[in-house]
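Student: Could you take me through one part of this protein up close? I'd like to look at the sheet and what packs around it.

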Amino acid sequence: MNVQEYIESGIIESYVMGLASESERAEFERLCSEYPELVAARRKFEESLEGYASENAVTPPPEVKVKVLEAIGNTPSRKPASSIPPKITTMQVQKEQPVNEPASTPVLLRLVAAASVLLLVGMAYLYYQTKQENKDLADTNDRLKVSLDTTRNVLQHILDEQKDVVSNPNVTVVNMVGTQVAPKSSANIYWDSTSSNVYLVVKNMPKLPSDQQYQLWALIDSKPKDLGVFDATDQKMILKMKNTQKAQAFAITIEQKGGSPSPTLQKMQSIGKTLQSQ
């Protein structure tokens, strides 16, 4: 059995997204026990779906971490009003005077009253701070919940879109294999010639420098047609490319970031022929 051809047939994508038939699932699970590379390819595809969701998640504001740590006691909280301890010390000094001295009693009462007022002010301040921090924490929880719901919706939309593409009976799968320049490069084209829709699944493309991108081409009567650019980070995701109703072959080249009006043939990475070429 040629494991690489089996992987490139699209069975992994169909299995993970629940599109494979019972017989296909049973065969795939049986072969996974014999070929570790099938298990590795399946895990890589699953991780790419999770990675895409993470990249599109909404990042919480930086102050969220501080608020959460303060709420659970991992960072020092604000101290009460610093004027309370000196008053308490003053009360202790007054207690050292003789209790039977009449002149000290009014002073002591005034100090007790002042200390009581300061204590109440301090308690009110702490209550306000605690209430405000609880409100901030509740707001943070709401933002995190919205972020999580958004991420789930994005991922569900992607999965639904991929299921529609893979299960469409009008879609033809074109396996793109590596060239002599890049023998390990590979991809799949999901092409609906009736609607002209072209979808690309990058299976193995090395990461490029930041000033370069991959570019997809349709070869029509030996003339190239630009179908758009993409990055190596888009691997295992179904990418909607530019439409084309005709194509004898599809090819991928390396171009400068943003694409090129004509392909750099010496940097062709992958190519696949269609039924129109026969």
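Tutor: Here's a walk through the sheet, its core and a couple of residues beside it. Keep in mind that this is a predicted model. The protein has 7 helices and 8 strands, and 34% of its 278 residues count as buried.

Let's start with the strand layout. You're looking at an open sheet of 8 strands, paired antiparallel, and reading across you get β5-β4-β7-β8-β1-β2-β3-β6. The edges belong to β5 and β6; each has a single partner strand, so one side of each is left without a neighbour in the sheet. From one strand to the next, the twist averages 30 degrees. As a general reminder, strands of a sheet pair through backbone hydrogen bonds, either parallel or antiparallel. Now zoom in on β4 and β7: these two run antiparallel to one another and share 8 bridges. If you want a landmark there, find Gln215, which sits opposite Thr253 in β7.

Next, the packing. The largest nonpolar core is made of 24 residues, and the ones with the most contacts inside it are Ile189, Leu200, Leu216, Phe230, Phe250 and Ile252. Two or more residues each come from β1 (172-178), β2 (186-192), β3 (197-204), β4 (212-220), β5 (223-230), β6 (238-241) and β7 (249-256). The biggest giver is β4, with 4 residues. Ile252 is a good place to park your view: leaving aside residues up to four places away in sequence, Ile252 touches Met176, Ala187, Leu200, Met205, Tyr214, Gln215, Leu216, Phe230, Lys267, Met268, Gln269 and Ser270. So you'll meet Gln215 again, the residue opposite Thr253, this time among the contacts of Ile252. There's also a second, separate core of 15 residues, with Val3, Ile11, Met17 and Cys32 among them.

Now slide over to the loop between β6 and β7, where Thr244 lies. Its relative accessible area is 2%, so Thr244 counts as buried, the cut-off being under 20%. The Thr244 side chain reaches the backbone oxygen of Lys246 at 2.7 Å. Beyond four places in sequence, Thr244 touches Trp191, Ser196, Val198, Ala218, Ile220, Lys225, Leu227 and Phe250. Phe250, remember, is one of the residues with the most contacts inside the largest core.

For a contrast, try Pro224 in strand β5, one of the two edge strands. Pro224 is partly exposed, at 41% relative accessibility. Its contacts, again skipping residues up to four places away in sequence, are Trp217, Ala218, Leu219 and Pro263. Ala218 is in the contact set of Thr244 too. Measure C-alpha to C-alpha from Pro224 to Ala251 and you get 8.9 Å, although 27 residues separate them in sequence. On the scale of the whole protein, of the contacts between residues at least 6 apart in sequence, 63% join residues at least 24 apart.

One last stop is helix α3 (residues 22-32), where Phe28, Leu31 and Cys32 are buried. They span an arc of only 105 degrees around the axis, which puts them on the same side of α3. Cys32 is also part of that second core. On the face turned away from the buried side, α3 carries the exposed residues Glu22 and Ser23.

Terms used. Residues numbered from 1 in each chain as written. Predicted model: local features only at pLDDT ≥ 70, side-chain atom pairs only at ≥ 80, totals over all residues. Heavy atoms only, no water. Core = buried A, V, L, I, M, F, W, Y, C linked by side-chain atoms within 4.5 Å. Buried < 20%, exposed > 50% of the residue type's maximum accessible area, 1.4 Å probe, protein only. Contact = heavy atoms within 4.5 Å. Arc of directions from axis to C-beta. Pairing = 2+ DSSP bridges. Axes fitted to C-alpha atoms, helices over the stretch in contact; angles between N-to-C directions. Polar contact = N/O pair within 3.5 Å; in protein donor to acceptor, adjacent residues only side chain to side chain.
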